[in-house]
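Let's take a walk through this structure together, one element at a time. Keep the sequence and the 3D view side by side as you read.

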Amino acid sequence: MIDLTSSISQIEGLLVQNTDASLTYAALECRLAIERICFERLRIAHDYISHDDLKKWQPRDIVNILIQEVDDKTAETFTLSISKEPVPENCALPTLEDYQAMEFLPIGTQIGFNPNRLGRLWNALANLALHITLPTSKDHDVARYGDTEKIRAKVIESLDEIKRIGAGTLMSSGMGEEISFNCFCGAKNKRRHGLLKDGQVISCISPSCDETYGYVASDMSFERRVFEITCRSCGKQRDVPKKMIERLRTDQHIHFDCEGCSEKIYIAWRPMQAQVSKPSV
């Protein structure tokens, strides 16, 4: 769960003040609360996804990526319960009817939300309150604050959603079958089997690791993605993680010493031009 009590109290106090400055600050507090809601979902899911696989950082996009790759129930409402009595040892596998007859005690409830709606609120708060209107002519006055009534209405709408989500007592990192592998660096990586796609590229969860892997659905394996670099002097081969090279700009390079002859090897992107001769008639 995430405790939004202090944020809610702060926003409500700013609404009571009802000044241009306090409403602008309230809009900022709403945006920060929305970011906390989404980024806390990411924090508890980081055992299953690397920061490098997020692609976008906006709150809505973060949650949508988690739904697609970590837990399809990340933004759903559900209650997790546990049976009051354990299943007796050496008994047959319980049927649906057996489960329905058991007494369950609730552990907590996760409150769901629409990531796209949160994204729209997050953007609207900034557009209304956190940017000065661009003048269209010399006669256009540059106001210090935005439209007070519109800001207040959007803050109240956002606050209602923040309060609703804040009533939750549970956040889940997901359920379902896992498959795992040990990265070349030694870190254990795991993913939800049902959300993996054939050919999907995933990064190691270790922030300091440059390794990436391609998922092979046919045998549920992860293939290390490397460029095979061969020393021109001695023929010794070295595997270089593809991510190290793919993120290079054209004015950058990486280098290492050959393990066979100590020759220094440089790797860089180079623009090239190809000219194809037209066949003679």
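Two strands are said to pair if DSSP finds at least two bridges between them. With that in mind, please also remember that this is a predicted model.

A good place to try out the idea of pairing is strand β8, residues 226–230, together with strand β9, residues 237–241. These two are joined by 5 bridges and pair in the antiparallel sense. If you look for E228, you will find D239 of β9 standing opposite. The hairpin of β8 and β9 has 6 residues between the strands, and within this hairpin G235 takes a positive phi near 85 degrees.

Now move along to the next hairpin. Strand β10 (residues 253–257) and strand β11 (residues 264–268) run antiparallel, with 5 bridges joining them. Here D257 has K264 of β11 opposite. Between the strands of this hairpin lie 6 residues, and S262 is the one to look at for a positive phi, near 70 degrees. Which side chains of β10 are buried? They are I254 and F256, which point to one face, while H253, H255 and D257 point to the other face and are not buried. You can follow this alternation of side chains along the strand in your viewer.

Next comes an open sheet of 3 strands, in the order β5-β6-β7, with antiparallel pairing. Its edge strands are β5 (201–203) and β7 (221–224), each of which pairs on one side only. From one strand to the next, the twist averages 40 degrees. Strand β6, residues 212–216, is joined to β7 by 4 bridges, and V216 has S221 of β7 as its bridge partner.

Let's turn to the helices. Helix α6 (residues 148–166) and helix α5 (residues 115–129) have axes that come within 10 Å and cross at roughly 150 degrees. Because angles over 145 degrees count as roughly antiparallel, that makes α5 roughly antiparallel to α6. The crossing of α5 past α6 is left-handed. On the α5 side, the contact involves R117, L118, L121, A124, L125, L128 and A129, which meet K150, I151, K154, V155, E157, S158, E161 and I165 in α6. Sorted by character, the residues of this contact are 9 nonpolar, 1 polar and 5 charged.

Helix α6 also has α2 (residues 20–45) as a neighbour: their axes come within 9 Å and cross at roughly 30 degrees. Are α2 and α6 roughly parallel or roughly antiparallel? Angles under 35 degrees count as roughly parallel, and α2 and α6 are therefore roughly parallel to each other. Helix α2 passes α6 in a left-handed crossing. From α2, the contact takes in D20, L23, A26, A27, C30, A33, I34 and I37, and from α6 it takes in T148, I151, R152, V155, S158, L159, I162 and I165. This contact of α2 with α6 divides into 12 nonpolar, 2 polar and 2 charged residues.

Our last stop is helix α3, residues 59–69. Its buried residues are P59, D61, I62, V63, I65, L66 and E69. What do the buried residues of α3 pack against? They pack against α2, α5 and β4 (188–192), which brings us back to two helices we have already visited.

Methods:
Residues are numbered from 1 along each chain as its sequence is written. This is a predicted model: local features need pLDDT of at least 70, side-chain atom pairs count only at pLDDT 80 or more; totals for chains, interfaces and linings use all residues. Side-chain values use heavy atoms; hydrogens and water are left out. Axes are lines fitted to C-alpha atoms, for helices over the stretch in contact, and angles run from 0 to 180 degrees between N-to-C directions. Angles under 35 degrees count as roughly parallel, over 145 as roughly antiparallel, 65 to 115 as roughly perpendicular and the rest as oblique. A crossing is left-handed if the near helix is turned anticlockwise from the far one by less than a right angle, and right-handed if clockwise. Contact means heavy atoms within 4.5 Å. Ala, Val, Leu, Ile, Met, Phe, Trp, Tyr, Cys and Pro count as nonpolar, Asp, Glu, Lys and Arg as charged, and the others, Gly among them, as polar. Buried means under 20% relative accessible area, exposed over 50%, partly exposed in between (1.4 Å probe, protein chains only).
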